[in-house]
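Notebook open, two chains to go through today. I want to see how they meet, then follow a few strands.

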Amino acid sequence: MKQILSPILFLAIGIQILWSQEQPASYTKKVLEKVAVQTLFSYYTQDGNNAAVTGGEGTEALTDAAPTIVVQMPIGSDGILTVDTGLSAYTSASSSNVNPLDGNEPASPWVASSGPSRSDVLAHFNPSYAHFSADRNTIYNASLAVSKEYDYQSFGFGAGVSKLYNEKNTEVGLNVQVYLDQHDPQYPIELRTGFFNGNIRGEGTYTNDFAAFSQAKRNTYALSFNVAQILTAKMQASLFIDAVMQEGLLSSPLQRVYFADKPDFFIDDFQLADNVERLPFYRYKYPVGARLNYYISDAIILRSYARYYNDSWGVSGLTAEIELPISLGLNWALFPSFRHYSQSAADYFYPKEMATSSAQYYTSDFDLASFTSQQWGFGVRYKDLLSQFSLWKIGLKSIELRYIHYNRSNGLQFDQTALGVNFEID
Amino acid sequence: MKYLFIVAVLLMFSSCVAVKEYEKVYINAEDMALSARGICKADISSHIYREGAAGANGGKMGGGCGCN
């Protein structure tokens, strides 16, 4: 932790010292007056019938509990240090079937196994620092991002600059992010060296085309450009353009593939893999998004978002989202929302038993299939404008509860409930 | 489609006038911010896992396997 915090604190203090030498001694309002704390707890449940770990057929039942805390601290009058840290603890039926033979039930893609791959915890730690110029028209930022789960770890860093023009009516920003990730590949049990089981059923002897990946690194380089514009006293919009390159092991080593031209073998009801998914070494992504917000009245605001996405794997997607914050007096607000999404399939996507072993690339991950989805959401927020609820130096700012239901055309659905509580510390 | 989308947004930006600071009471309302609301961070994370498309919304563009 100390090693991670040191560079960003050093950078923050360095920028602060340099900046303070340039500025005349005069009073400037702090960009952040008090320490702000945002806590977020979300609980996610999912179900579906197209688990990628079991080659496109099998239970996708999954639950995830994710507590997160974001602390923003003023650094001098011009800087903000933000520390975002959290956990994501999940239990996944499909992940449990990396080894379907370690439970008490007969092996089946429709039943969760009780082995250790059934659950995992992802931890993340993202500190960042933003420095504002004296006239508040230039903002520099630098960030680190570290995350770790059982078979995957990630280290990221980034920097960016934003400039405000035209009496702060126009903002232009450029950000660069780099992630250097490392897999610890966990292959399906039947593909591991030394696997033997006397209960295999099928014609002939079970063999497979599997060879372990020679590459376990995954690097991501992302360039983001954004421009925001105030259009009228009640309307503003922004445009986001990203260009992302990924290289390395972009396949998930635990996701099985069953070939059309290979015989089938089973243990109980569980079909043994012919291989794991194989995806190209490179992926280039080009998302373009826009937001438009309109203050309709004191009672209602329109928030809208649209995105077009395409990538070098043949996936293109459209996203449209609308949210209507409805104010109920000074303290309470409601947040109904709707989101529509559609995507085309990746060039390498095949449902179960549709790929052939001669193909160079293949996956049966239905997240890369063609589908549409709809999401309905509803939230309620209480804002404590006068900090009536406070304890010692900690004052409540707001508390919000949000629920969403997501439905995908290929059967997957999830529900997510999130509770966010924001505080200020004097 | 992509180019049409960009042109439409740029045309929208080209017709604006400067709004003075004292006129920004509506623009500065908390729910008018041009970013995803804090509580929607959980939604964005779920979409990154369950959909092929990602990015251009202020969320992460890497740093996770997306395998569960």
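**Entry 1: the contact between the chains**

I started with the interface, keeping in mind that this is a predicted model. I looked up who touches whom: 39 residues of chain B are in contact with 73 residues of chain A. Next I asked which elements of chain B give two or more residues to that side. They are α1 (2-13) and α2 (41-50) of chain B. α1(B) supplies the largest share, six residues. I also sorted that side of chain B by class, and got 22 nonpolar, nine polar and eight charged residues.

**Entry 2: chain B as a whole**

Then I stepped back to chain B itself. Its secondary structure comes to two helices and zero strands. Of its 68 residues, 44% are buried.

**Entry 3: one residue, D31(B)**

I picked D31(B) for a closer look. Where does D31(B) sit in chain B? I found it in the loop between α1 and α2 of chain B. Is D31(B) buried or exposed, or something in between? The count is 19 C-beta neighbours inside 10 Å, and a residue needs 20 or more to be buried, so D31(B) goes down as partly exposed.

I checked what D31(B) touches, skipping its neighbours within four places in sequence. The list is I301(A), R303(A) and P325(A), which are residues of chain A. I also took a distance within chain B: D31(B) and A18(B) are 13 residues apart in sequence, and their C-alpha atoms are 21 Å apart in space.

**Entry 4: β16(A) and its partners**

I301(A) and R303(A) led me to strand β16 of chain A, which covers residues 301-311. Why do I call this strand largely enclosed by the rest of the structure? Because eight of its 11 residues are buried.

I went through the pairing on β16(A) next. Strand β15 of chain A (residues 282-295) runs antiparallel to β16(A), and 11 bridges join the two. For one pair I noted K285(A), which stands opposite D311(A) in β16(A). β15(A) and β16(A) make a hairpin, with five residues between them.

β16(A) also pairs with strand β17 of chain A (residues 316-323), again in the antiparallel sense, over eight bridges. Here I wrote down N310(A), whose bridge partner in β17(A) is S316(A). These two strands form a hairpin as well, with four residues between them. Which residue takes a positive phi in the hairpin of β16(A) and β17(A)? It is G314(A), with phi near 95°.

**Entry 5: a three-strand sheet**

Elsewhere in chain A I looked at an open sheet of three strands, in the order β8-β12-β13, with antiparallel pairing. β8 (201-202) and β13 (270-271) of chain A are the edge strands, each pairing on one side only. I followed β8(A) across to strand β12 of chain A (residues 265-267): two bridges join them, and they run antiparallel. G202(A) stands opposite F265(A) in β12(A).

**Entry 6: chain A as a whole**

Last, I took down the overall figures for chain A. I get two helices and 24 strands. The C-alpha trace spans about 85 × 45 × 40 Å along its principal axes. Of the 426 residues in chain A, 39% are buried. I also checked sequence separation: among contacts in chain A with a separation of 6 or more, 64% are between residues 24 or more positions apart.

Methods: Residues numbered from 1 in each chain as written. Chains lettered and ligands numbered in written order. Predicted model: local features only at pLDDT ≥ 70, side-chain atom pairs only at ≥ 80, totals over all residues. Contact = placed C-beta atoms within 7 Å. Nonpolar A, V, L, I, M, F, W, Y, C, P; charged D, E, K, R; others polar. Buried ≥ 20, exposed ≤ 12 C-beta atoms within 10 Å, placed from the backbone. Pairing = 2+ DSSP bridges.
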